[in-house]
Amino acid sequence: MRPSLRTAAAAALAVTAIVLGAGLAHSAQAATVALPPVNGQFDYQIGGAYTPSGSVSIVDRDRSASPVAGKYNICYVNAYQTQPDEASFWTSNHSNLLVKRANGTNLTDPDWPGEFILDTSTAAKRTSISKIVNRWIDGCKTKGYQAIEPDNLDSWTRSLNKLTKADNVAYAKLLATHAHSIGLAIAQKNTSELGTTGKTSVGFNFAIAEECQVYSECGSYSGPYGNHVIEIEYTDNARSAYKKACAAQGKSISVILRDRDVVAKGQSAYRYEYC
């Protein structure tokens, strides 16, 4: 799992998202989805679910967990790589959908051992992967989530040139189209390289940006999405990054500080602050 917007009474904003479909025709599909409340207090719980404080209005949890009543809930889906505990599902049933090294072994994310990189290099493979992941998205909808967070959009940068940005963007369109068709918003997770493409071509509705202050990338998200950005800084970086983020945009967007593994509250490594 990769640790890869203010009160519950703040109603989620309704927006109309235009999603451009894959293919030369780029046919448009309109859907109405609800966005997270701007600058709502955010709690990132993908490393373990726990009861959020009453002041929290947005909760992000793994797809295996249940949403929180009375909050805006975002469902985390590792859409471009595999979860370590699901390795056998992919290697036994869908090995052809995993990126291979030259020697035929499955390519893993160098920073997250056990996470195989999904092969988005052809239209056929993208369709096959999306059929699996879209079932997970359906599960998020059934549970009561309002949005999804498909992680590892930037997997092409770790693919030993087996994948391209265009491959992942084309796959993202499949996920966005499906999410919108069932009334879910969809977030662009990181990937500042997209510029405005994520919003205008894929159809992402808002952004979740990790460490954008550390890497001076926050403008890459606020440019396309305005204040519909959630920023997460981590405690293993200099605390000055979080303080600068709060000073620069803490009154406009949701900015939090978390431990790198986003462990559940009650564990010794747990850290959480909100501007």
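Q: What makes both faces of β8 count as covered?
A: In this predicted model, F206, I208 and E210 on one side of β8 are buried, and so are A207 and A209 on the other. Buried means under 20% relative accessible area, exposed over 50%, partly exposed in between (1.4 Å probe, protein chains only). Strands (E, at least two residues) and helices (H or I, at least four) are DSSP runs, numbered from the N terminus.

Q: Why is strand β8 called largely enclosed?
A: It spans residues 206–210, and 5 of the 5 are buried, so the rest of the structure largely encloses it.

Q: How do you know that β8 pairs with β7 and β9?
A: Two strands pair if DSSP finds at least two bridges between them. β7 (residues 185–189) is joined to β8 by 3 bridges. β8 is joined to β9 (residues 229–234) by 4 bridges. Both pairs therefore qualify. β7 and β8 run parallel, and so do β8 and β9.

Q: Which residues are bridge partners of A187 and E210?
A: The partner of A187 is F206 in β8. The partner of E210 is I232 in β9.

Q: What makes a β-α-β unit right-handed?
A: Point the strands away from the viewer; the path from the first strand over the helix to the second must run clockwise. β7, helix α4 (residues 197–202) and β8 make such a right-handed unit. β8, helix α5 (residues 218–225) and β9 make a right-handed unit too.

Q: Why is the pair R158 and D109 called a salt bridge?
A: A salt bridge needs a side-chain nitrogen of Lys or Arg within 4 Å of a carboxyl oxygen of Asp or Glu. The closest N and O atoms of R158 and D109 are 3.0 Å apart. The pair therefore meets the cut-off.

Q: What does the pair R158 and D109 tie together?
A: R158 lies in the loop between β6 (147–150) and α3 (165–181), and D109 in the loop between α1 (87–93) and α2 (123–143), so the pair ties together parts 49 residues apart in sequence. Both residues are buried.

Q: How do you know that K125 and D119 differ in burial class?
A: D119 has 9% relative accessibility, so it counts as buried. K125 has a relative accessible area of 24%, so it is partly exposed. The two also form a salt bridge, with closest N and O atoms 2.8 Å apart.

Q: How many salt bridges does the whole structure hold?
A: A search finds 12.

Q: What makes a set of residues a nonpolar core?
A: The members are buried Ala, Val, Leu, Ile, Met, Phe, Trp, Tyr and Cys residues, joined through side-chain atoms within 4.5 Å. The largest core has 44 residues, and V133, I148 and F204 touch the most other members. A second, separate core of 20 residues includes V33, I58, I208 and I256.

Q: Which residues are in contact with F204, leaving aside neighbours within four places in sequence?
A: Among them are P150, L153, A172, I186 and Y225. Contact means heavy atoms within 4.5 Å.

Q: Where does pLDDT stay under 50?
A: Over residues 1–30. pLDDT is the predictor's confidence in each residue, from 0 to 100. The protein's mean is 90, and 89% of its residues reach 70 or more.

Q: What rules apply to the numbering and values?
A: Residues are numbered from 1 along each chain as its sequence is written, and side-chain values use heavy atoms, leaving out hydrogens and water. Local features need pLDDT of at least 70, side-chain atom pairs count only at pLDDT 80 or more, and totals for chains, interfaces and linings use all residues.
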